[in-house]
Amino acid sequence: MTEKKLKGIRAIAFDLDGTLTDSAVGLTEATNYALKAKGFPTVDKHHVTIWVGNGVDMLLKRALHHCGVKDVTDTLLKEVRDLFDECYANSVKTGSNLFPHVKETLEKLASYSLSLGIVTNKPTPFIQPLLKQLGIDNDFSLVLGGDDVKQKKPHPAPLYLTMGTFGVKKEELLFVGDSRNDIIAAQAAQCPCVGLTYGYNYGEPIADSKPDFILDDFADLLSILDITSMTTVEQN
């Protein structure tokens, strides 16, 4: 573990799938429901974890390419996406779990004078039901989904919006993610970033993207923050 500490952090934004939540089971169930309904073979969870990260449409395009479809038309993609959404409305909740130490670490971070947010490419309608199901819906004062911005990660636009909403400078926002898209977005926005090793990163080591910090455990976030300048929020 590095001895370097981050000073002056006023806000932390998190990716969702692969960072806070292990959503692979639910995503795989919905993907296979859609593929099977259209007469395509199903795929395994390992492939889905490699395809996650650029939004559902790209996930489904990659799945269709894997099934031998060379030219994924807009019509086919819409049909498969509609089927995916139909299933995922349920499997997003039943097929997702928090990664170890996420809940208690978020509670600890929330006890300090930090603004917490989520910045994800996940379709917006699925986010709040998932957060509520997992009991972390009250931890965040900002939630940005893939439908809330014109340009998704790896574009830095969602992080610029986060900075503006929280009223913080780039060096005051820490972004925590598990994939190269997260790190590229943070580096483009020039804010410090953490890369988590346990998530979904196209089968690549997160170290290849050169985040400022590499952590194996979500709880280790507490060890890289200089909390001496932070005030504790009084609990009612």
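This dialogue explains how to read several features of a predicted protein model.

User: What conventions apply to the model?

Analyst: The model is predicted, so local features need pLDDT of at least 70 and side-chain atom pairs count only at pLDDT 80 or more, whereas totals for chains, interfaces and linings use all residues. Residues are numbered from 1 along each chain as its sequence is written, and side-chain values use heavy atoms, with hydrogens and water left out.

User: How many helices and strands does the protein chain have?

Analyst: Helices (H or I, at least four residues) and strands (E, at least two) are DSSP runs numbered from the N terminus. The protein chain has nine helices and eight strands.

User: What is the radius of gyration of the protein chain?

Analyst: The radius is taken over C-alpha atoms, and the globule rule is 2.2 Å times the number of residues to the power 0.38. For 236 residues, a compact globule would have a value near 18 Å, and the protein chain agrees with 18 Å. The C-alpha trace spans about 60 × 40 × 30 Å along its principal axes.

User: Into which domains is the protein chain divided?

Analyst: Domain bounds come from an automatic or database domain assignment. Here they give domain 1 (9-20 + 95-227) and domain 2 (22-93), with C-alpha centres 24 Å apart.

User: How many residues of each domain are in contact?

Analyst: Contact means heavy atoms within 4.5 Å. By that criterion, 17 residues of domain 1 are in contact with 21 residues of domain 2. Buried area is the accessible area (1.4 Å probe) that two parts lose on being put together, summed over both. Between domain 1 and domain 2 this area is about 1800 Å², and carbon and sulfur atoms give 53% of it. Helix α6 (residues 127-134) provides three residues, the largest share of the side of domain 1 that touches domain 2.

User: How many salt bridges does the rule find?

Analyst: Side chains of opposite charge can pair when their charged atoms come close. The rule requires a side-chain nitrogen of Lys or Arg within 4 Å of a carboxyl oxygen of Asp or Glu. The count comes to nine salt bridges, with zero across the interface of domain 1 and domain 2. One of the nine joins Asp-17 and Lys-122, whose closest N and O atoms are 2.8 Å apart. This pair links distant parts of the chain, 105 residues apart.

User: Where should unusual backbone geometry be examined?

Analyst: Most residues other than glycine have a negative phi, and most peptide bonds are trans. In this model, a cis peptide bond joins Lys-153 and Pro-154, with omega about 20 degrees. Pro-154 is found in the loop between β5 (142-144) and α7 (157-166). Tyr-202 has a positive phi, near 55 degrees, and is found in the loop between β7 (193-196) and β8 (213-215).
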